[in-house]
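Student: Could you walk me through a protein structure, please? I should like to go from the overall layout to single residues.

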Amino acid sequence: MEAASANRDGSKQMNDPPSNKRPSKSATVLHKVIFAIRSLKGGPKGSSRAAISKFLASEFEYDNANALKAALKRGAANGTLIQTGQSFRVASDPVASAKEGDNNVQSEDLVVGTSRGACDGDTITVAYEGRLDSGHQFDKARSFTFVLGAGEVIKGWDSGILSMKEGGKRKLVVPSKFGYGKRGCKPDIPPNATLHFVIKMKKIVKHM
């Protein structure tokens with residue numbers, strides 16, 4: 001059965017999400033969003049709103065923030081998309097595993113928090129401690145501020161902190177490929193080290 005027709009913002013519910021075929025520029029925003037999510041191949045929660053927006057701007061020269069927001073909202077409301085914090089995945093697609101040995105960052109929320117979730121481009125302040133498999137503490141800070149998703153920290157943080165809320169506390173297990181890799185970081189982090197973090201979100205300044 002073909003997908004039901006929809007307005008440009010994807011407001012009408014689709015019976016089936018479109019295939020992985022690249023949509024045309026005249027396709028609905030929701031079709032483009034689904035293509036973006038599948039192309040970005042995010043984690044179990046899908047892709048962030050900011051990442052989807054950047055993808056649409058790059059691939060389709062599309063930058064209508066209001067229409068994108070409406071399409072994401074309606075896609076989540078009609079069951080085409082599943083929203084977790086500020087991340088979205090296609091409901092009919094299999095959920096990416098968060099526990100595949102050394103391939104992914106594993107996360108566990110110890111405290112959820114109360115604000116809107118952090119997304120790429122936000123300036124955030126966290127408190128944290130980091131340990132090795134042995135239990136050795138290699139780093140700790142009461143207050144550390146950076147821009148999420150800007151490459152200012154290790155990849156495991158940029159992906160693992162997404163959707164955290166103010167007051168939230170999260171445990172991350174970061175494989176070496178998303179940490180300091182084969183070189184490590186002397187003198188405290190050896191090569192190929194898995195890193196264990198407990199992170200508390202203190203403040204989120206939303207990206208405008």
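Tutor: We shall begin with the whole chain, then turn to helix packing, and end with individual residues. Please note that this is a predicted model, in which local features need pLDDT of at least 70 and side-chain atom pairs count only at pLDDT 80 or more, while totals for chains, interfaces and linings use all residues. Residues are numbered from 1 along each chain as its sequence is written, and side-chain values use heavy atoms, with hydrogens and water left out.

Student: How many helices and strands are there in the chain?

Tutor: The chain has four helices and eight strands. Helices (H or I, at least four residues) and strands (E, at least two) are DSSP runs, numbered from the N terminus.

Student: What pattern does the chain follow along the sequence?

Tutor: The pattern is α-β-α-α-β-β-β-β-β-α-β-β.

Student: And what share of the residues is buried?

Tutor: Of the 208 residues in the chain, 39% are buried. Buried means under 20% relative accessible area, exposed means over 50%, and partly exposed lies in between (1.4 Å probe, protein chains only). The chain exposes about 11,600 Å², and carbon and sulfur atoms supply 49% of that area. Accessible areas come from the Shrake-Rupley method with a 1.4 Å probe; for residues, only the protein chains shown count as cover.

Student: What about contacts between residues far apart in the sequence?

Tutor: Among contacts in the chain with a separation of 6 or more, 59% are between residues 24 or more positions apart. Contact here means heavy atoms within 4.5 Å.

Student: Let us turn to the helices. How do α1 and α2 pack?

Tutor: Helix α1 (residues 29–40) and helix α2 (residues 49–60) pack at an angle of about 105°, and their axes are 9 Å apart. Axes are lines fitted to C-alpha atoms, for helices over the stretch in contact, and angles run from 0 to 180 degrees between N-to-C directions. The two helices α1 and α2 are therefore roughly perpendicular to each other. Angles under 35 degrees count as roughly parallel, over 145 as roughly antiparallel, 65 to 115 as roughly perpendicular and the rest as oblique.

Student: Which residues make that contact?

Tutor: From α1, they include Val 33, Phe 35 and Ile 37, and from α2, they include Ile 52, Phe 55 and Phe 60. The residues of the contact of α1 with α2 divide into ten nonpolar, one polar and one charged. Ala, Val, Leu, Ile, Met, Phe, Trp, Tyr, Cys and Pro count as nonpolar, Asp, Glu, Lys and Arg as charged, and the others, Gly among them, as polar.

Student: At what angle do α1 and α3 pack?

Tutor: Helices α1 and α3 pack at an angle of about 80°, with their axes 9 Å apart. That angle makes α1 roughly perpendicular to α3. Val 29, Leu 30 and Val 33 in α1 meet Ala 67, Leu 68, Ala 71, Leu 72 and Gly 75 in α3. In the contact of α1 with α3, seven residues are nonpolar, one is polar and none is charged.

Student: New topic: how many disulfides does the structure hold?

Tutor: The structure holds zero disulfides, a disulfide being a pair of cysteine sulfur atoms within 2.5 Å. As for the cysteines, Cys 119 is buried, at 10% relative accessible area, and Cys 185 is partly exposed, at 32%.

Student: What is special about the backbone at Glu 61?

Tutor: Glu 61 has a phi near 55°, a positive value in a residue other than glycine. Most residues other than glycine have a negative phi, and most peptide bonds are trans. Glu 61 lies in the loop between α2 and α3 and is exposed, with a relative accessible area of 66%. Ser 163 also has a positive phi, near 80°, but Ser 163 is buried, at 8%.

Student: Which peptide bond is cis?

Tutor: The peptide bond from Lys 186 to Pro 187 is cis, with omega near 5°. Pro 187 lies in the loop between β7 (169–174) and β8 (195–205).

Student: Lastly, where is His 207 found?

Tutor: His 207 is in the segment after β8, and it is exposed, at 55% relative accessible area. Leaving aside residues up to four places away in sequence, His 207 touches Gly 121 and Asp 122.
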